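These are my notebook entries on one structure. I record what I looked up, entry by entry.

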Amino acid sequence: MTIKVGDRLPAGTLQEFYEVEKDGCAIGPNPVKIEDLTKGRKVVLFGLPGAFTPTCSAKHVPSYVANYDKLKAKGVDTIACLSVNDAFVMGAWAKDQKTDDKVRMLADGSAEFTKALGLEFDLSGRGLGLRCQRFSMLVDDGVVKKLNIEAAGKYEVSGAETMLQQLG
């Protein structure tokens, strides 16, 4: 079943890659528990089919990087990108997209969290395997407050511009 507004995010652990040691986290992939990411915080979480793919790289991630200051001004504590890729790929993509400390690039390598959200998307027919649907959500203290799920192949409602409108 697909997550909906009013639901609490399921438990899960994603991975985040660091090139240099920071905040007590070692170099390389580090676990990020969903509960820790969202507890007592407003988080914009957006998901997409894959790192380095055309729409994801040209539009989706750049929309959040470009609107970082505006989202923070609206009370968002953290912006995080979710993709069914490994942490090393997400780390390389973060560097390519120049996300710096603006967007946390979180890997769901086995799609376990994506499946728990009910947002998996089977692209095996195109050689891509199981992926994440394109979406965005506002999560407040672990509870989904806004949810925007794209139709297959679309990029119309999950960008930062829509989230800014929803935040008022």
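**Entry 1: a tryptophan and its surroundings**

Which residues does Trp 93 touch, not counting residues up to four places away in sequence? I looked this up in the model, which is predicted. Trp 93 touches Leu 48, Gly 50, Ala 51, Phe 52, Cys 56, Ser 57, Val 61, Cys 81 and Met 105.

I then looked up the largest nonpolar core, which has 24 residues. Trp 93 is among those with the most contacts inside this core, together with Tyr 64 and Cys 81. I noted the elements that give two or more residues to it: β3, α2, α3 (68-73), β4 (78-83), α4, β5 (104-107) and α6 (160-167). Another core, of 21 residues, lies apart from it, and I found Val 32, Ile 34, Cys 132 and Val 139 among its members. As background, nonpolar side chains in soluble globular proteins tend to be buried together.

**Entry 2: aromatic pairs**

How many aromatic pairs does the structure hold? I found three. I recorded two of them in detail, beginning with Phe 17 and Phe 88. Their ring centres are 5.5 Å apart and their planes stand at 55 degrees, so I entered this pair as tilted. It links distant parts of the chain, with Phe 17 in strand β1 (residues 13-18) and Phe 88 in helix α4 (residues 87-97), 71 residues apart. Phe 17 has 22% relative accessibility and therefore counts as partly exposed. Phe 88 counts as exposed because its relative accessibility is 53%.

Next I examined Phe 46 and Tyr 64, whose ring centres are 4.1 Å apart. Their planes are at 10 degrees, so the pair is stacked. This pair also links distant parts of the chain: Phe 46 belongs to strand β3 (residues 42-48) and Tyr 64 to helix α2 (residues 54-66), 18 residues apart. Phe 46 is buried, at 0% relative accessibility, and Tyr 64 is likewise buried, at 0%.

**Entry 3: a serine in strand β8**

Is Ser 136 buried or exposed? I located Ser 136 in strand β8 (residues 135-140). Its relative accessible area is 0%, so Ser 136 is buried. Leaving out residues up to four places away in sequence, I listed its contacts as Leu 45, Phe 46, Tyr 64, Lys 146, Leu 147, Asn 148, Val 157, Ser 158 and Met 163. Both rings of the stacked pair, Phe 46 and Tyr 64, thus belong to residues that Ser 136 touches.

**Entry 4: helix α6**

I followed the contact with Met 163 into α6, where Ala 160, Thr 162, Met 163 and Leu 164 are buried. What covers the buried residues of α6 includes β3, α2, α3, β8 and β9 (143-149). Just after α6, I noted a positive phi of about 80 degrees at Gly 168.

**Entry 5: the second largest pocket**

Which residues lie closest to the centre of the second largest pocket? About 360 Å³ of space lies in this pocket. It is lined by 18 residues, and I recorded Pro 49, Phe 121, Arg 126, Arg 134 and Gly 153 as the closest to its centre. By class, I noted eight nonpolar, five polar and five charged residues in the lining. The largest share, three residues, comes from α2.

**Entry 6: a loop serine**

Finally, I looked up Ser 110, found in the loop between β5 and α5 (112-117). With 52% relative accessibility, Ser 110 counts as exposed. Its C-alpha atom is separated by 9.6 Å from that of Leu 14, 96 residues apart along the chain.

Definitions and conventions
Residues numbered from 1 in each chain as written. Predicted model: local features only at pLDDT ≥ 70, side-chain atom pairs only at ≥ 80, totals over all residues. Heavy atoms only, no water. Phe/Tyr/Trp six-rings, centres within 6.5 Å; stacked < 30°, edge-to-face > 60°. Helix = DSSP H or I, 4+ residues; strand = E, 2+ residues; numbered from the N terminus. Buried < 20%, exposed > 50% of the residue type's maximum accessible area, 1.4 Å probe, protein only. Core = buried A, V, L, I, M, F, W, Y, C linked by side-chain atoms within 4.5 Å. Contact = heavy atoms within 4.5 Å. 1 Å grid on protein atoms, 1.4 Å probe; cavity = no way out; pocket = protein on both sides within 12 Å on 5 of 7 lines; lining within 4 Å. Points joined across faces, edges and corners; volume = space filled by probe spheres on them. Nonpolar A, V, L, I, M, F, W, Y, C, P; charged D, E, K, R; others polar.
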